[in-house]
Amino acid sequence: MTDIEATRERILDAAEELFYGQGIQAVGMDAVRSASGVTLRRLYQVFPSKGALVEAYLLRRDERWRKSLASRVEESDAAPAERVLVVFDWLRDWFTEPDFRGCAFVNAFGELGATAPEVAEAARRHKEAFRRYIAGLVDDAGAPGTVAASLALLAEGAITTAAVTGSPPAADTAREAAGLLLAAAIDRDAKRPRR
């Protein structure tokens with residue numbers, strides 16, 4: 001790793017902790033500079049604006065979040081239909097982390113919304129990538145693709161509920177509903193006449 005790459009990672013580590021923990025608007029570039037241990041000049045060399053830093057933070061968080069989820073599902077030796085439910089097990093573990101504050105993308109969009117198109121676009125891309133991931137698992141399970149959007153919505157609801165209530169069992173409730181929905185969809189599809 002080059003010096004510039006190491007500096008970039010250090011800045012992003014600091015920004016992620018601060019932005020996710022305190023909110024994007026509450027954190028200024030000077031706080032990121034202080035937490036990362038770089039000079040303000042160096043910070044602006046690497047990230048010319050706070051908007052650029054926020055976008056990089058969200059892109060990296062998206063990559064890490066989806067990679068962690070995919071690793072958990074891939075490491076599972078569950079049957080294809082059960083792999084869909086592993087998503088909810090992973091969510092429950094995430095909800096119990098001491099720094100859990102909900103979805104960084106929903107939080108960022110809620111704070112900045114239409115005033116920051118790059119944030120809105122990053123949030124849309126993240127949510128669409130998650131929905132496509134669920135759709136792939138649903139397809140592997142042999143369920144009709146139409147159920148993927150409902151399962152993704154259950155997961156999103158669990159994330160929001162856990163963030164608002166501080167209740168990790170929201171993942172268990174969503175998992176149970178997802179299991180019922182998935183089983184019903186597979187059963188209904190199996191009974192459909194084939195031509």
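Which residues does Pro-168 touch, not counting residues up to four places away in sequence? I wrote that at the top of my page and went looking in this predicted model.

**Entry 1: Pro-168**

I found Pro-168 in the loop between helix 8 and helix 9, the latter covering residues 170-191. Leaving out residues up to four places away in sequence, Pro-168 touches Arg-92, Phe-95 and Thr-96. I then looked up its exposure: Pro-168 has a relative accessible area of 19%. Buried means under 20%, so Pro-168 counts as buried. I also checked a distance to Phe-100, which is 68 residues from Pro-168 along the chain; their C-alpha atoms are separated by 10.0 Å.

**Entry 2: stepping back**

Next I wanted the whole protein on one page. How many helices and strands are there? I noted 9 helices and 0 strands. Read along the sequence, that gives me the pattern α-α-α-α-α-α-α-α-α. For the extent, I noted that the C-alpha trace spans about 65 × 35 × 35 Å along its principal axes.

The protein has 195 residues, and 42% of them are buried. I wrote down about 10300 Å² for the area the protein exposes, with carbon and sulfur atoms supplying 53% of it. I looked at contacts between residues at least 6 apart in sequence, and 68% of these join residues at least 24 apart.

**Entry 3: the core**

Which residues of the largest nonpolar core touch the most other members? My list reads Phe-19, Val-32, Leu-53, Val-87, Leu-91, Trp-94 and Phe-95, out of 61 residues in that core. Helix 5, residues 80-95, gives this core its largest share, 9 residues.

I picked Val-32 for a closer look. Setting aside residues up to four places away in sequence, I found Val-32 touching Ile-11, Ala-14, Ala-15, Leu-18, Phe-19, Val-27, Leu-43 and Leu-53. Two of those names, Phe-19 and Leu-53, were already on my list of core residues that touch the most other members.

**Entry 4: helix 5 beside helix 8**

How do helix 5 and helix 8 lie against each other, parallel or perpendicular? I looked up their axes: they come within 11 Å and cross at roughly 10°, with helix 8 covering residues 147-165. Angles under 35 degrees count as roughly parallel, so helix 5 is roughly parallel to helix 8.

Then I listed who makes the contact. From helix 5 I have Val-84, Phe-88, Leu-91, Trp-94 and Phe-95. From helix 8 I have Leu-151, Leu-154, Ala-155, Ala-158, Ile-159 and Ala-162. Sorted by class, this contact has 11 nonpolar residues, no polar ones and no charged ones. Leu-91, Trp-94 and Phe-95 also stand on my core list, and Phe-95 is one of the residues that Pro-168 touches.

**Entry 5: three glutamates**

I looked up Glu-82 while I was still on helix 5, where it is found. Why does Glu-82 count as partly exposed? Its relative accessibility is 37%, and partly exposed runs between the 20% and 50% limits. Glu-82 and Arg-33 are 49 residues apart along the chain, and I noted 45 Å between their C-alpha atoms.

Glu-9 took me to helix 1, residues 3-22. With a relative accessible area of 25%, Glu-9 is partly exposed. Its contacts, leaving aside neighbours within four places in sequence, are Met-1, Arg-60 and Arg-64. I also looked up Glu-9 and Trp-90: they are 81 residues apart along the chain, with C-alpha atoms separated by 25 Å.

Is Glu-17 buried or exposed? Glu-17 lies in helix 1 too, and its relative accessible area is 64%. Exposed means over 50%, so Glu-17 is exposed. My last lookup was Glu-17 with Asp-99: 82 residues apart in sequence, and 9.0 Å apart in space from C-alpha to C-alpha.

Definitions and conventions. Residues numbered from 1 in each chain as written. Predicted model: local features only at pLDDT ≥ 70, side-chain atom pairs only at ≥ 80, totals over all residues. Heavy atoms only, no water. Core = buried A, V, L, I, M, F, W, Y, C linked by side-chain atoms within 4.5 Å. Buried < 20%, exposed > 50% of the residue type's maximum accessible area, 1.4 Å probe, protein only. Helix = DSSP H or I, 4+ residues; strand = E, 2+ residues; numbered from the N terminus. Contact = heavy atoms within 4.5 Å. Axes fitted to C-alpha atoms, helices over the stretch in contact; angles between N-to-C directions. Parallel < 35°, antiparallel > 145°, perpendicular 65-115°, else oblique. Nonpolar A, V, L, I, M, F, W, Y, C, P; charged D, E, K, R; others polar. Areas by Shrake-Rupley, 256 points an atom, 1.4 Å probe, with all protein chains shown as cover.
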